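Do you have the structure open and a selection tool at hand? Then come along for a walk through it, one stop at a time.

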Amino acid sequence: MIVLGVRNVREALPIGIDLLKKYGQRQASQYGDVLVMPCPVTTVYAKPRERVLFDPRRDANPFFHLMESLWMLAGRHDSAFLDQYVKDFGDRFAEPGGVVHDAYGHRWRRAFGVDQLKVITNRLIENPDDRQCVLQMWDADAFDDLSPTAKWKTRPCNTHAYFRVNGDQLDMTVCCRSNDIIWGAYGANAVHFSVLLEYVAAMSDNMVGKYYQMSNNYHAYTE
């Protein structure tokens, strides 16, 4: 396990790129060759609310990422809303009918029959020392679809998040099974999950603490 302690995502990206250039191993993937670290990498953000990436190598769209974060908090899984900001979003990621199968927000709030964010914030209010505030994104039923006939375009890369109160601050640890550092970890995840942390902290009357992103497969596409 390698731990990268950074102030914000702007600091994290160049460190991550240098890390992969030095230690990354070339490997094939379904979308092309990648450089992948031989062990998990955890990025620790001291200032997760400094979430806008100013780096031409990613050229992030902060307006889209903000709207996508709000779309998630609303528990939506329709692509139509996001098509307003990235016109081919639905064509690339949605199933026929315009539903995004792995939409995080829908999984947070509706897909499993319970509003997980409401449950977690209530538990943190009732008992700040609660160690069972686990947010689930990966569902075991997904394995039933891992057959040659499966047609899902996407499955969740981030699988779980854990919330923990430290003093008057709320920390969050996110577990990711497969993390492309340019498009995922430091491109989109740093926005989506820092907004999630800020929301849960506000709803549970805590300050925003640290955001830990544990990437089990930490990689970047060589292209």
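Here is a tour of a predicted model, stop by stop, with something to select at each one.

**Stop 1: the six-stranded sheet**

Begin by showing the strands as a cartoon and finding the open sheet of 6 strands, whose order is 1-4-9-7-6-5 with mixed pairing. Strand 1 (2-6) and strand 5 (134-136) are its edges, each pairing on one side only. If you look across the sheet, the twist from one strand to the next averages 15°.

**Stop 2: strand 4, residue by residue**

Now select 41-45, which is strand 4. How many of the residues of strand 4 are buried? The count is 5 of the 5, so the strand is largely enclosed by the rest of the structure. Turn on the side chains: V41, T43 and Y45 point one way, while T42 and V44 point the other way.

Next, add the two neighbours. Strand 4 pairs with strand 1 in the parallel sense, over 5 bridges, and I2 has V41 as its bridge partner there. With strand 9 the pairing of strand 4 is antiparallel, again over 5 bridges; pick V44 and you will find Y212 of strand 9 opposite. As a reminder of what holds such neighbours together, strands of a sheet pair through backbone hydrogen bonds, either parallel or antiparallel.

**Stop 3: the hairpin and the far edge**

Move along to strand 6 (residues 158-166) and strand 7 (169-176). These two pair in the antiparallel sense over 8 bridges, and Y162 is a good residue to click on, with T173 as its bridge partner in strand 7. Follow the chain round the hairpin, where 2 residues lie between the strands, and stop at G167, which takes a positive phi near 65°.

On its way to the edge of the sheet, strand 6 joins strand 5 through 3 bridges, and the two run antiparallel. Select Q136 to see H160 of strand 6 standing opposite.

**Stop 4: the helix on the sheet**

Bring in helix 7 by selecting residues 181-203. Helix 7 packs on the six-stranded sheet and touches strand 1, strand 4, strand 5, strand 6, strand 7 and strand 9 (207-215). Its direction makes about 140° with that of strand 9.

**Stop 5: helix 1 and the second sheet**

Select residues 9-23 for helix 1, which lies across strand 1 and strand 4 and runs at about 145° to strand 1. Keep helix 1 on screen while you find another open sheet, this one of 4 strands in the order 2-3-10-8, with mixed pairing. Strand 2 (25-27) and strand 8 (179-180) are the edges here, each pairing on one side only.

Helix 1 packs on this sheet as well, touching strand 2, strand 3 and strand 10 (218-221). The direction of helix 1 is at about 90° to that of strand 10. For a close-up, choose strand 3 (residues 34-36), which runs antiparallel to strand 2 and is joined to it by 3 bridges; V36 is the bridge partner of Q25.

**Stop 6: the largest pocket**

Switch on a surface and look for the largest pocket, which holds about 1500 Å³ of space. Which of the 42 lining residues are the closest to its centre? Select F93, T154, C157, W183 and G184 to see them.

Then colour the elements that each supply at least two residues of the lining: helix 2 (62-73), helix 4 (89-93), strand 8, helix 7 and strand 10. By class, the lining is made of 19 nonpolar, 14 polar and 9 charged residues.

**Stop 7: a buried histidine**

Select H106, in helix 5 (residues 104-109). Is H106 buried or exposed? Its relative accessibility is 18%, and the cut-off for buried is under 20%, so H106 counts as buried. Beyond its neighbours within four places in sequence, H106 is in contact with G75, R76, H77 and A111.

**Stop 8: two aspartates in loops**

Finish with two loop residues and their backbone angles. Most residues other than glycine have a negative phi. D59, in the loop between strand 4 and helix 2, has a positive phi of about 50°, and at 65% relative accessibility D59 counts as exposed. D205, in the loop between helix 7 and strand 9, has a positive phi of about 65°. With 72% relative accessibility, D205 counts as exposed too.

Key. Residues are numbered from 1 along each chain as its sequence is written. This is a predicted model: local features need pLDDT of at least 70, side-chain atom pairs count only at pLDDT 80 or more; totals for chains, interfaces and linings use all residues. Side-chain values use heavy atoms; hydrogens and water are left out. Two strands pair if DSSP finds at least two bridges between them. Axes are lines fitted to C-alpha atoms, for helices over the stretch in contact, and angles run from 0 to 180 degrees between N-to-C directions. Contact means heavy atoms within 4.5 Å. On a 1 Å grid over the protein atoms alone, a cavity is a set of points where a 1.4 Å probe fits but cannot get out, and a pocket is an open set with protein on both sides within 12 Å along at least five of seven lines; lining residues have an atom within 4 Å of a point. Grid points are joined across faces, edges and corners, and a volume is the space filled by probe spheres set on the points. Ala, Val, Leu, Ile, Met, Phe, Trp, Tyr, Cys and Pro count as nonpolar, Asp, Glu, Lys and Arg as charged, and the others, Gly among them, as polar. Buried means under 20% relative accessible area, exposed over 50%, partly exposed in between (1.4 Å probe, protein chains only).
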